[in-house]
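Biologist: I have a structure open on my screen and would like to learn how to read it. Could you walk me through a few features?

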Amino acid sequence: MERSDVATLSACANLRIFQTCCICLVLVLAAGGCGGQKALSEAPEIVMEETTFSFDQGTYPSQMQLFPEYRIVPGDVLDVLFQIRTWQKKDAFTLAVDHTVSVKFVHAPELNETQQIQPDGKISLPYIGEIYVLGKTVTELTDELKASYGNVLRDAEIYVTVPEFRSRIKELKKDLHTAPRGLSRLVTVRPDGYATFPLTGDVFVAQRSLPEVKKDLDALYDGILPGLHVDLFLEQHAGSMLYVLGHVNNSGVYRIAKPVSVVEAIAMAGGKKPGARVNDIIVFRRHENKLVAKHLNLEKMLSPKDGIRFFYLRPDDVVYVPERRMAKLAQIMREVREVFFFRGWGIGIDGELYEGAVFD
């Protein structure tokens, strides 16, 4: 018999076996059809409860399974879009440091001066020397100069104008303007939690929300240049990180886009290793500048007779799965300390434990 004939017979035999299995499966389903469906329909539903740390109960996790509010972390890139609202009418125009003041003498043009206001708020004029002008209106400054020059000039007819009052706007536009981005600037949050913004310098932004930072920036910029405000966007985010340590197959850092439970976190880490004590899991979370620990008995939490409860995690939570119940607190805290310092939190970990965390 040729080799090709043997291959053909083998393929036919495999096909007949497959067809036979399909027929048997159909017969089994047909025989058990209604009974199997009835058994499934009679199975009681189990309500899956959600829980987390006591101080976050009621606010997290939400029914929409979203993070309550994004908090800026080191490594985030913020897009700062500047809005200069020069069209807004002001109650009174007052002189600022970046303004240029022109003082003209009608009958003594040789005394004319055009100067930019100095950082100390003064300008220097002939005969009278330095005069403080910051915060004054043009009318107020004109009246003051007429009074000062009344004893110097026979006819002190003086006009004060502000030919350049947008020098800061020009400076800002020159500094920020690029063809693709317009009046915007990308700033990166440093590991110390600060970001450097144009004109204002360093501002602490870590662990704060975008609306909170925008509110502070608007106040700072309006104080520097009235009418200057910003829109703040998250250009790139370092991500919401979760840490799974201890006796799991793939211990490490995991990026999460939504709240996950402890069960899901362990699954992300490749599951537990043989000998792992899932009834002695410890979850760490920062709260009010302290590190709070929660002891979890995963076997008990997933027991139908006790009511299944999923414990949900937040970004930067640390899940520790011990190998044995005799895990030493010092060993656990050493691993956790390395994680938190890496994230730039810089908080002290004193070993104080809450929520029934027990170590032998």
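Modeller: Gladly! Let's begin with a term: a cavity is a set of grid points where a 1.4 Å probe fits but cannot get out. Keep in mind that this is a predicted model.

Biologist: What does rolling a probe over the atoms show?

Modeller: Rolling a probe the size of a water molecule over the atoms shows where empty space is left. In this model there are two cavities of 30 Å³ or more. Let's look at the second largest, with a volume of about 30 Å³.

Biologist: Which residues line the second largest cavity?

Modeller: The lining is made of Ser261, Val262, Val263, Leu298, Met301, Arg309, Phe310 and Phe311. Sorted by class, that gives six nonpolar residues, one polar and one charged. Helix H5 (262-268), helix H6 (298-301) and strand E17 (309-311) each give at least two residues to this lining, and E17 has the largest share, with three.

Biologist: Now a helix, please. How do residues three or four places apart point in an α-helix?

Modeller: They point the same way, because an α-helix has 3.6 residues a turn. Try helix H4, residues 210-224. Its buried residues are Leu210, Val213, Leu217, Asp218 and Tyr221. Viewed down the axis of H4, the buried residues fall within an arc of 140°, so they line one face of the helix. Pro211, Lys215, Ala219 and Gly223 are exposed on the other side of H4.

Biologist: What span should the 15 residues of H4 have?

Modeller: At 1.5 Å a residue, H4 should span 21 Å, and its end C-alpha atoms are 21 Å apart, which agrees.

Biologist: And strands? Where do the side chains of a regular strand go?

Modeller: They alternate between the two faces of the sheet. Here, take strand E3, residues 100-105, which is mostly covered, with five of its six residues buried. E3 pairs with strand E4 (residues 113-116) in the antiparallel sense, over four bridges. Within that pairing, Ser102 stands opposite Thr114 in E4.

Biologist: Which sign does phi have in most residues other than glycine?

Modeller: Most of them have a negative phi. Two residues to look up here are Gln207 and Asp316. Gln207 has a positive phi, near 60°, and lies in the loop between strand E11 (201-204) and H4. Asp316 also has a positive phi, near 75°, and is found in the loop between E17 and strand E18.

Biologist: Are Gln207 and Asp316 buried or partly exposed?

Modeller: The cut-off for buried is under 20% relative accessible area. Gln207 has 24%, so Gln207 is partly exposed. Asp316 has 5% relative accessibility and therefore counts as buried.

Biologist: One last thing: which residue is 132 residues from Val73 in sequence and 8.0 Å away in space?

Modeller: That is Val205, with the 8.0 Å taken from C-alpha to C-alpha. Val73 lies in the loop between strand E1 (49-51) and strand E2 (77-84), and at 6% relative accessibility Val73 counts as buried. You can look at Arg314 in the same spirit: its C-alpha atom is separated by 8.4 Å from that of Ser240, 74 residues apart along the chain. Arg314 is placed in the loop between E17 and E18 (318-321), and it counts as partly exposed at 23% relative accessibility.

Note on methods: Residues are numbered from 1 along each chain as its sequence is written. This is a predicted model: local features need pLDDT of at least 70, side-chain atom pairs count only at pLDDT 80 or more; totals for chains, interfaces and linings use all residues. Side-chain values use heavy atoms; hydrogens and water are left out. On a 1 Å grid over the protein atoms alone, a cavity is a set of points where a 1.4 Å probe fits but cannot get out, and a pocket is an open set with protein on both sides within 12 Å along at least five of seven lines; lining residues have an atom within 4 Å of a point. Grid points are joined across faces, edges and corners, and a volume is the space filled by probe spheres set on the points. Ala, Val, Leu, Ile, Met, Phe, Trp, Tyr, Cys and Pro count as nonpolar, Asp, Glu, Lys and Arg as charged, and the others, Gly among them, as polar. Buried means under 20% relative accessible area, exposed over 50%, partly exposed in between (1.4 Å probe, protein chains only). Two strands pair if DSSP finds at least two bridges between them. The expected span of a helix is 1.5 Å times one less than its number of residues. The arc is that of the directions from the helix axis to the C-beta atoms.
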